[in-house]
Amino acid sequence: MINPFDDTYFMKKALQEAETAFEKGEIPVGAVIVVEDRIIARTHNLTELLNDVTAHAEMQAITSAANFLGGKYLNKCTLYVTLEPCQMCAGALYWSQISKIVYGASDEQRGFKTMGTTIHPKTEVVSGIMAKEASALMKRFFIEKRNLN
């Protein structure tokens, strides 16, 4: 039997969150956290709304998932995020001991790989899922932002 709940399915959910961020004037990054094919956290960047540089989609998702699970560790959980996590988010994901990180577009300037940030050794990382769609949304956001200024 084919499982419809694959990486693409959940990345589409993260992209929906990124679209919501875009509509709110936030940098369009969306994230969902999944355990056993069930979304337990769904969010997007809230840095502008909350006036908080730490309110990245991943940080919001970690907090939401930990509250849902009733504990700080996210073993057996997968994070789907539209953009490669930054150094701050990668550090938080390290401490959460999340089992898997799946991201769409790479962040060549501020991504955890460029910054040399270590992910927990037990965390599996998958990149490039729906990268074109995630990247196109980011580009559209910044083009519109520049045209408004």
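How many residues lie between β1 and β2 in the hairpin that they form? The legends below describe a predicted model, and the first of them answers this question.

**Figure 1. The hairpin of β1 and β2.** Two residues lie between β1 and β2 in this hairpin. Glutamate 36 is in the turn, where its phi is positive, at about 50 degrees. The two strands run antiparallel and are joined by six bridges. One residue to locate in this view is glycine 30, whose bridge partner in β2 is histidine 44.

**Figure 2. Isoleucine 33 in strand β1.** Isoleucine 33 belongs to strand β1. Because its relative accessibility is 0%, isoleucine 33 counts as buried. With residues up to four places away in sequence left out, isoleucine 33 touches Arg38, Ile39, Ile40, Ala41, Ala61, Ile62, Ala65, Leu74, Cys77, Thr78, Leu79 and Ile98. Valine 102 is 69 residues away from isoleucine 33 along the chain, and the C-alpha atoms of the two are separated by 10.0 Å.

**Figure 3. The largest nonpolar core.** This core has 36 residues, and those touching the most other members are Met11, Ile33, Leu74, Cys77, Leu79, Tyr80 and Ile98. Two or more residues come from each of the helices α1 (7-23), α3 (57-69), α4 (87-96) and α6 (131-148), and likewise from each of the strands β1 (30-35), β2 (38-44), β3 (77-83) and β4 (100-105). Isoleucine 98 gives a view of the packing: apart from its neighbours within four places in sequence, isoleucine 98 is in contact with Ile33, Leu74, Cys77, Thr78, Leu79, Leu93 and Thr123.

**Figure 4. Serine 96 in helix α4.** Serine 96 is part of helix α4. Is serine 96 buried or exposed? Serine 96 counts as buried because its relative accessibility is 2%, and the cut-off for buried is under 20%. Beyond its neighbours within four places in sequence, serine 96 is in contact with Ile62, Lys72, Tyr73, Leu74 and Asn75. Alanine 41 lies 55 residues from serine 96 in sequence, and the distance between their C-alpha atoms is 14 Å.

**Figure 5. The annotated binding site.** The unreviewed UniProt entry places a "binding site" feature at His56, Cys86 and Cys89. These residues are spread over 34 residues of sequence but cluster in space, with a largest C-alpha distance of 9.2 Å. His56, Cys86 and Cys89 are included in the lining of the largest pocket. The same entry lists residues 5-115 under "domain: CMP/dCMP-type deaminase". In the model, the span of residues 5-115 is 43% helix and 23% strand, and its end C-alpha atoms lie 32 Å apart.

**Figure 6. Histidine 56 and cysteine 86.** Histidine 56 is in the loop between α2 (47-50) and α3, whereas cysteine 86 is in the loop between β3 and α4. Histidine 56 has a relative accessible area of 22% and is therefore partly exposed. Cysteine 86 has a relative accessible area of 17%, so cysteine 86 is buried. The side chain of histidine 56 reaches the backbone oxygen of valine 53 at 3.3 Å. Leaving out neighbours within four places in sequence, histidine 56 is in contact with Asn45, Thr47, Cys86, Met88 and Cys89. Under the matching rule, cysteine 86 touches His56, Glu58, Arg110, Gly111 and Phe112.

**Figure 7. Threonine 117 in a loop.** Threonine 117 lies in the loop between α5 (112-115) and β5 (124-127). Although it is in a loop, threonine 117 is buried, with a relative accessible area of 17%. Its contacts, neighbours within four places in sequence aside, are Gln87, Ala90, Gly91 and Phe112.

**Figure 8. Positive phi at asparagine 51 and lysine 76.** Asparagine 51 is a residue other than glycine, yet its phi is positive, near 50 degrees. Asparagine 51 is in the loop between α2 and α3, and it counts as exposed because its relative accessibility is 72%. Lysine 76, also not a glycine, has a positive phi of about 70 degrees. Lysine 76 lies in the loop between α3 and β3. At 66% relative accessibility, lysine 76 counts as exposed.

Note on methods
Residues are numbered from 1 along each chain as its sequence is written. This is a predicted model: local features need pLDDT of at least 70, side-chain atom pairs count only at pLDDT 80 or more; totals for chains, interfaces and linings use all residues. Side-chain values use heavy atoms; hydrogens and water are left out. UniProt positions are given in the numbering used here, feature names are shortened, and annotations may be inferred rather than shown by experiment. Helices (H or I, at least four residues) and strands (E, at least two) are DSSP runs, numbered from the N terminus. Buried means under 20% relative accessible area, exposed over 50%, partly exposed in between (1.4 Å probe, protein chains only). Contact means heavy atoms within 4.5 Å. A nonpolar core is a set of buried Ala, Val, Leu, Ile, Met, Phe, Trp, Tyr and Cys residues joined through side-chain atoms within 4.5 Å. Two strands pair if DSSP finds at least two bridges between them. On a 1 Å grid over the protein atoms alone, a cavity is a set of points where a 1.4 Å probe fits but cannot get out, and a pocket is an open set with protein on both sides within 12 Å along at least five of seven lines; lining residues have an atom within 4 Å of a point. A polar contact is a pair of N or O atoms within 3.5 Å; within protein, one must be able to donate a hydrogen and the other to accept it, and residues adjacent in sequence count only if both atoms are side-chain atoms.
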